[in-house]
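This report concerns the pockets and cavities of a single protein model. The sequence and structure are shown first.

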Amino acid sequence: MTREFGTAAATADEATPFDATTVRRMARERAAKPWQAARDTLSGPLARLDYDGYRTIRYDANKALWAAEKLPFGVQFFHRGFLYKDRVDMYEVAGGHARRIPYSPDLFDLSKVGKLADGDVGFAGFRVHAAMNRPDYFDEVCAFLGASYFRAVARNHIYGLSARGLAIKTAEQGGEEFPAFTAFWLERPAQEAGALVIHALLDSRSAAGAFRFVVRPGEATIFDVEMALYPRVELAQVGIAPLTSMFLFAANDRGGVDDFRPAVHDSEGLSMWTGRGEQIWRPLNNPAELQVSSFADDNPRGFGLMQRQRDFGGYKDLEARYDRRPGLWIEPLGQWGRGAVHLVEIPTDREIHDNIVVAWRPAEPIAAGSEHVMSYRMHWCWEAPWKSELARITDTRQGQSLNDRSRLFVLEAVGDKLKGGSGERRAVVTADRGRLRNVVSQANPVTGGWRMSFELQPEGAKVIELRAQLMDGDQPASEVWLYRWTP
């Protein structure tokens, strides 16, 4: 079987030349042609698989790519089925040539699925393994599966939030477009390699793209990403470096919750370090109605969805272990120019649904027929990689005040910045609607930090933007806390 990509073709027995420009050339050539939807459909029992049935398919770990050579990385493949119906072509790159990795049902335990009607069913994606937590065992480091979704973990993490190659028209009228990775090229690692290089071809109705990932597992797992985008049409609602996560409830948003757990979320807040040097923390919400927020910036230093609560007692969930979910910090490499960090919060009533999307949206549309190249570093981490001198907001709580027309907010700030200074610390709180009262700041002897509290009277407002910061005289002592309150 031959799979065509632009002017390149490869069979299971044929190696074709491959270099740093190969996938870009394929993406450019593909974008010059009308988009074609995938026509490779599934039949038989694979087409009818549900979630539980799909989970019964097991890859034979002894047949992992590079297992026989005992290289520092191994790759296992996902079978097609359930939600993952599209074929994704896989190639190995070695010695400057690419060779297609052939599918075989013998790679999988399909005993609970039944006899397959098709021969060359193909793969849906893959996962990478490496000795990350201990030298004698290969842990799963990352997985690419479904559209352009992928996720990763660092040392002692379990899977949580996901990333995507590209987002188009998220939360826009007319529906979202989901670009997909259609092929991957895995560079054979050297015997002592600490990184794995992955190339990917992306395609969509509106654009094609070429990606290069350099994956380094460790205490924080790092992805260095190069993206070359080739739009078929003008892209005005495009999301660069998109992140997808889940937030169900926490102490800042427990309306209508009847659950034994204090909090349920893969990520609790959006962290931003702006081009102006401002450090911002925006706790997430599970709103009653769709909410879209935009934080304008010029050449951002970084942004990410973070999980700051790392104590098991903050969740008390022995199965989900939300205390071990990774944060994901995006570090732009080079100048990104003007744009905005775009935050979408979608109502959900179940923790199995991702309802949070964050991405960078350029201020100017990306022109059809152009080449748009961007680079960034992804940190799958316990905490953001940059060390702020300012105190961090570690807790956001709200509830009904003694005056039942008001909402009481209590914020906790912790950090070395609060241990010195003048001691004349004060909370500066503003709201664009409603009325604030009883703004208080006080030392918290239990945490060694400071507490800010205030009451908000909505006065009929349906959306209120809040801002708070702890000041030491006329200098900031904490990062900026932003919050969108809705009834």
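The pockets are described before the cavities, with a note on one helix in between.

The model is predicted. The table lists the volumes and the residue classes of the linings.

| Space | Volume | Nonpolar, polar and charged lining residues |
|---|---|---|
| Largest pocket | about 1,900 Å³ | 24 nonpolar, 8 polar, 12 charged |
| Second largest pocket | about 1,100 Å³ | 18 nonpolar, 7 polar, 15 charged |
| Largest cavity | about 80 Å³ | 8 nonpolar, 4 polar, 2 charged |
| Second largest cavity | about 40 Å³ | 5 nonpolar, 1 polar, 3 charged |

**Pockets**

A total of 44 residues line the largest pocket, and those nearest its centre are Tyr51, Tyr84, Leu145, Arg151 and Ser162. Two or more lining residues of this pocket come from each of α2 (51-55), β4 (58-59), β5 (73-79), β10 (137-145), β11 (149-152), β12 (162-164) and β27 (356-362).

The second largest pocket has 40 lining residues, with Arg30, Gln36, Ala37, Ala38 and Thr182 nearest its centre. The elements that contribute two or more residues to this lining are β1 (3-5), α1 (22-31), β9 (123-134), β10 and β14 (180-187). Of these, β14 gives the most, with 4 residues.

**Helix α1**

Within α1, the buried residues are Thr22, Val23, Met26, Ala27, Arg30 and Ala31. Viewed down the axis of α1, these buried residues fall within an arc of 160°, and therefore they line one face of the helix. In general, an α-helix has 3.6 residues a turn, so residues three or four places apart point the same way. Arg30, buried in α1, is also one of the residues nearest the centre of the second largest pocket.

**Cavities**

The model contains 2 cavities of 30 Å³ or more. The largest cavity is lined by 14 residues, and Thr170, Gly239, His342, Ala359 and Arg361 lie nearest its centre. At least two residues of its lining are supplied by each of β13 (167-168), β18 (238-245), β26 (338-345) and β27. The largest share, 5 residues, comes from β27. Strand β27 is also among the elements that give two or more residues to the lining of the largest pocket.

The second largest cavity is lined by Arg87, Val88, Asp89, Met90, Arg100, Ile101, Tyr103, Gly122 and Phe123.

Notes
Residues are numbered from 1 along each chain as its sequence is written. This is a predicted model: local features need pLDDT of at least 70, side-chain atom pairs count only at pLDDT 80 or more; totals for chains, interfaces and linings use all residues. Side-chain values use heavy atoms; hydrogens and water are left out. On a 1 Å grid over the protein atoms alone, a cavity is a set of points where a 1.4 Å probe fits but cannot get out, and a pocket is an open set with protein on both sides within 12 Å along at least five of seven lines; lining residues have an atom within 4 Å of a point. Grid points are joined across faces, edges and corners, and a volume is the space filled by probe spheres set on the points. Ala, Val, Leu, Ile, Met, Phe, Trp, Tyr, Cys and Pro count as nonpolar, Asp, Glu, Lys and Arg as charged, and the others, Gly among them, as polar. Buried means under 20% relative accessible area, exposed over 50%, partly exposed in between (1.4 Å probe, protein chains only). The arc is that of the directions from the helix axis to the C-beta atoms.
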